[in-house]
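User: I am new to this structure and would like to learn how to read it feature by feature. Could you take me through it slowly?

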Amino acid sequence: MSEMERELGWDDEIEKDSGEFILLPEGDYNFTVESFERGRHGGSEKLPACNKAILRLRIDTGERISTDQS
């Protein structure tokens with residue numbers, strides 16, 4: 001189970017994030033937050049029930065425009 005003692009609230013800050021991401025080369029990128037939705041994770045073997053943010057981002061890398069939802 002997680003080392004966290006409590007669930008994060010919407011106003012809490014994240015000090016260490018997950019390692020699951022796409023690493024872009026160093027630089028500045030134009031991006032747009034296309035949507036933001038507050039949700040709830042129902043819990044799993046690795047993570048207890050908690051708040052979650054569902055974001056849809058559009059990132060212009062200069063070579064292509066990428067969209068992702070997390």
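User: With which side chain does the side chain of Arg 58 make a polar contact?

Analyst: Please keep in mind throughout that this is a predicted model. A polar contact is read from two atoms and the distance between them, and in this case the side chain of Arg 58 meets the side chain of Glu 34 at 2.6 Å. Arg 58 itself belongs to strand β2, which covers residues 50-60, and its C-alpha atom lies 5.4 Å from that of Phe 31, although 27 residues separate Arg 58 and Phe 31 in sequence.

User: Is Arg 58 buried, partly exposed or exposed?

Analyst: Here one compares the relative accessible area with two cut-offs, since partly exposed is the range between 20% and 50%. Arg 58 has a relative accessible area of 35%, and therefore counts as partly exposed.

User: How many strands and helices does the protein chain have, and in what pattern do they follow each other?

Analyst: The protein chain has three strands and zero helices, so that reading along the sequence gives the pattern β-β-β. As for burial, 4% of the 70 residues of the protein chain count as buried. The chain exposes about 6,800 Å², and carbon and sulfur atoms supply 47% of that area.

User: What does the confidence look like along the chain?

Analyst: The mean pLDDT of the protein chain is 78, with 70% of its residues at 70 or more. Going element by element, strand β1 has the highest mean pLDDT, at 91, while strand β3 (residues 65-69) has the lowest, at 63.

User: How many aromatic pairs does a search of the whole structure find, and how should I read such a pair?

Analyst: A pair of aromatic rings is described by the distance of the centres and the angle of the planes. The search of the whole structure finds one aromatic pair. In that pair, the ring centres of Trp 10 and Phe 36 are 6.2 Å apart and the planes stand at 80°, which is over the 60 degrees required, so the pair is edge-to-face. The pair also links distant parts of the chain, because Trp 10 is in the segment before β1 (30-41) whereas Phe 36 is in strand β1, 26 residues away.

User: How exposed are Trp 10 and Phe 36, and what lies over the face of Trp 10?

Analyst: Trp 10 has a relative accessible area of 31%, and is partly exposed; Phe 36, at 47% relative accessibility, is also counted as partly exposed. Over the face of Trp 10 lies Arg 38, at 4.6 Å from the ring centre.

User: Which residues is Glu 7 in contact with, leaving aside its neighbours within four places in sequence?

Analyst: Setting those neighbours aside makes it easier to see how a residue meets other parts of the chain. Glu 7 lies in the segment before β1, and its contacts are Asp 12, Arg 40, Ala 49, Cys 50 and Asn 51. For Cys 50, which is 43 residues from Glu 7 along the chain, the C-alpha atoms are separated by 5.9 Å. Glu 7 is partly exposed, with a relative accessible area of 34%.

User: Which residues does Asp 12 contact on the same reading, and which backbone nitrogen lies 2.6 Å from a polar atom of its side chain?

Analyst: Asp 12, which also lies in the segment before β1, is in contact with Arg 6 and Glu 7 once neighbours within four places are left aside. The backbone nitrogen in your second question is that of Gly 9. Asp 12 is partly exposed at a relative accessible area of 31%, and Gly 9 counts as partly exposed at 33% relative accessibility.

User: How far apart are Gly 9 and Lys 52 in sequence and in space?

Analyst: The two distances are read separately: Gly 9 and Lys 52 are 43 residues apart in sequence, and 9.6 Å apart from C-alpha to C-alpha. For the protein chain as a whole, residues 24 or more positions apart account for 40% of the contacts with a separation of 6 or more.

Conventions: Residues are numbered from 1 along each chain as its sequence is written. Side-chain values use heavy atoms; hydrogens and water are left out. Helices (H or I, at least four residues) and strands (E, at least two) are DSSP runs, numbered from the N terminus. Buried means under 20% relative accessible area, exposed over 50%, partly exposed in between (1.4 Å probe, protein chains only). A polar contact is a pair of N or O atoms within 3.5 Å; within protein, one must be able to donate a hydrogen and the other to accept it, and residues adjacent in sequence count only if both atoms are side-chain atoms. Rings of Phe, Tyr and Trp (its six-membered ring) pair if their centres lie within 6.5 Å; planes under 30 degrees apart count as stacked, over 60 as edge-to-face and the rest as tilted. A charge sits over a ring if NZ of Lys or CZ of Arg is within 6 Å of the ring centre and within 35 degrees of the ring normal. Contact means heavy atoms within 4.5 Å. Accessible areas come from the Shrake-Rupley method with a 1.4 Å probe; for residues, only the protein chains shown count as cover. pLDDT is the predictor's confidence in each residue, from 0 to 100.
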